[in-house]
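User: Could you walk me through how some strands fit together in this protein? I am new to this, so short steps would help.

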Amino acid sequence: MTSVDLELKPGLVTTRAALAVAFGRPDAEERASQSGIVPCRSSKKLLVFSDPQKSKEHGYNFDGWTEGDNEGPVFDYTGTGPTGHQVLSGLNGTLLNHEVQELDLHVFISDGHVKSGGAKLQRYVGQMRVDSTVPFTERWDYDPKGNLRRVYVFRLRPVDLDQTDMRESDAVQIAKKDDVLSVPKAAVKEAAKAGAKSKKTEKHTTGQTTANITGGERTVIRREGQLVTAFEEHLEGAGHTFSTFQFTVEGERGTFTPDLYDETDHALYEAKGLTTRENVRMAIGQLLDYRRHVENNKALRLAVLLPTAPTPDVQGLLAEQNIALVYQTDNGFAGFPLAD
């Protein structure tokens, strides 16, 4: 395939075929050309195509601009894998590790069809990067077969806001009603098992794992996941049943998910990968917010899950808020079972 010049300017409308001619693709990944994640290694580019309508057909619709944070706007993008639990290997791993693999990330949004052939038009949004602090969030939805599954929603940040095509029409849709999705223990465990496999596969096939990515906070996120998994095993050993929720709030964009719900104790846990005052304060705020959306919340117990014991003053802060503290030890978890 012969390369041609194509200048990527924000708002440019083109087709995937034209982009393939301009930037090329390795033969092995040509077969995956209908994926939303397309590496063009010869030109050191990673093209990401967001199609809200197609996403909706696959059972999820998380893509689009969100409110962002103090660091600026964020574009949410759901990883690839239309059925079953998504994994962080393969093309999702390439997206997560695009900077390590020296691929410039360019984002496009589906914008109508070519009149003659019916091919989808793609509007260029701009160059982005996966957020270095929180690269992705885990969300839950049903695939076209009706199976509950975990998906990864990557958090993408513009490299240059002045060179980014931001439109209100591209924002994540506002929820029309409150909704609580209950995620049972079986789904949580299946997702954890799929995640473990994806890390192993990625380690042996690409030479990269999430632990190798630049940015200390990513390592913390992995620690948090390992902490939650270890506590789930501890709960199961104690005969407890656990699950989680996913909340959608009327008038707001996106969803939010607590780390763990102990059904046996009717207790909601928020885990943090670092034992710092800042992390504990964040966990307190999250728990108070989550509690408002849980059924029978007056009896709901709240707990913070940490890798080590915090300082006495932070422990006092939790006690004053009537929030339990559970932390990992060499022999298990101190503070569990929760005191009556």
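**Strand β7 and its partners**

Analyst: Happy to! Keep in mind that this is a predicted model. Let's start with one pair: S110 has Q122 in β7 as its bridge partner.

User: Which residue in β7 is the bridge partner of T14?

Analyst: Begin with the place of T14, which is in strand β1. Strand β1 (residues 13-15) pairs with strand β7 (residues 120-130) in the antiparallel sense, over three bridges. Within β7, the bridge partner of T14 is Q122.

User: How many bridges join strand β6 to β7?

Analyst: Strand β6 covers residues 104-113, and the bridge between S110 and Q122 in β7 was our starting point. The two strands, β6 and β7, run antiparallel, and the number of bridges joining them is seven.

User: Which residue in β9 is the bridge partner of V130?

Analyst: Strand β9 spans residues 148-158 and runs antiparallel to β7, with three bridges joining them. For V130, the bridge partner in β9 is L156.

User: Does T14 count as buried or exposed?

Analyst: Look at its surroundings to begin with: leaving aside neighbours within four places in sequence, T14 is in contact with several residues, including L6, L19 and F108. Its relative accessibility is 9%. The cut-off for buried is under 20%, so T14 counts as buried.

User: What distance separates the C-alpha atoms of T14 and K120?

Analyst: Along the chain, T14 and K120 are 106 residues apart. Yet K120 is among the residues in contact with T14. Their C-alpha atoms are separated by 8.7 Å.

Conventions:
Residues are numbered from 1 along each chain as its sequence is written. This is a predicted model: local features need pLDDT of at least 70, side-chain atom pairs count only at pLDDT 80 or more; totals for chains, interfaces and linings use all residues. Side-chain values use heavy atoms; hydrogens and water are left out. Two strands pair if DSSP finds at least two bridges between them. Helices (H or I, at least four residues) and strands (E, at least two) are DSSP runs, numbered from the N terminus. Buried means under 20% relative accessible area, exposed over 50%, partly exposed in between (1.4 Å probe, protein chains only). Contact means heavy atoms within 4.5 Å.
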